[in-house]
Amino acid sequence: MAQAAIAKRYARALLALGEGPGLDTLVEELKGFERALADSRELRTVLMTPGLPLEQRQGLLRDVLTRAGANKVTVNALLLLTERGRLGLLGPIIQAVRAEADRVAGRVRARVTSAAELAPAQVEAIRTTFEKQTGKRIVVETAVDADLIGGVVAEIGSTVYDGSIKSQLRRLRDALVRDTGAA
């Protein structure tokens, strides 16, 4: 079974568990644990080594999550993933859970990439524009890519709005090549 399909199946199971503390809380706690796994080679090694007894791995996991103040749903979800050997799919599972949490909350995520960091007023203007255009609540996530030269590229779902100078220059070059080649 493809990795994405497995991740969606686990995400659906976690969503059934996640109604209690709220899906956003579940997502944030899972992301926090994902960061902890990424930051600690020792934790990763212990939790993802199938040669160690499951009870030991789950005991350590329970201790770490209890000290971190994780809610019961997050603890149970991560215990299940450890038992099934699916901690390696945590990133795709989190994405699927977050997508469902956004759907339930009526939110859409817009990834906006610009050549330089955007001012809060610019981010707010982009958010407002897309909310009017889509009729949905927009959560703007920003990124910086100096290669864009200027302007922004916004992705909402599978739709890309490319207003970057890099893209405009590429279109101009293509038009000039087309016009020169046709003459």
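Leaving aside its neighbours within four places in sequence, which residues is Asp102 in contact with? Keep that in mind while we look around; we'll get there by the end. One thing before you start clicking: this is a predicted model.

**Stop 1: the whole protein.** Show everything as a cartoon. You should be able to pick out 8 helices and 4 strands. Walk along the chain and they come up in the order α-α-α-α-α-α-β-α-β-β-β-α.

**Stop 2: the outline.** Now show just the C-alpha atoms and turn the view. Along the principal axes, they fill a box of roughly 75 × 35 × 30 Å. The radius of gyration is 21 Å, while a compact globule of 183 residues would have one near 16 Å.

**Stop 3: the surface.** Switch on the surface display. The accessible surface comes to about 10900 Å², and 54% of it belongs to carbon and sulfur atoms. Of the 183 residues, 32% count as buried. Next, colour by charge: there are 27 positive and 22 negative side chains, with the centres of the two sets 4 Å apart.

**Stop 4: helix α6.** Select residues 90–105, which make up helix α6, and find Asp102 in it. Is Asp102 buried or exposed? Its relative accessibility is 6%, and buried means under 20%, so Asp102 counts as buried.

**Stop 5: around Asp102.** Show side chains here and add Arg107 and Arg109 to your selection. These two answer the opening question: beyond its neighbours within four places in sequence, Asp102 is in contact with Arg107 and Arg109. Finally, draw a distance between the side chains of Asp102 and Arg109, where a polar contact of 2.7 Å joins them.

Technical notes:
Residues numbered from 1 in each chain as written. Predicted model: local features only at pLDDT ≥ 70, side-chain atom pairs only at ≥ 80, totals over all residues. Heavy atoms only, no water. Helix = DSSP H or I, 4+ residues; strand = E, 2+ residues; numbered from the N terminus. Rg over C-alpha atoms; globule rule 2.2 N^0.38 Å. Buried < 20%, exposed > 50% of the residue type's maximum accessible area, 1.4 Å probe, protein only. Areas by Shrake-Rupley, 256 points an atom, 1.4 Å probe, with all protein chains shown as cover. Lys, Arg positive; Asp, Glu negative; His and termini not counted. Charge placed at Lys NZ, Arg CZ, Asp CG, Glu CD. Polar contact = N/O pair within 3.5 Å; in protein donor to acceptor, adjacent residues only side chain to side chain. Contact = heavy atoms within 4.5 Å.
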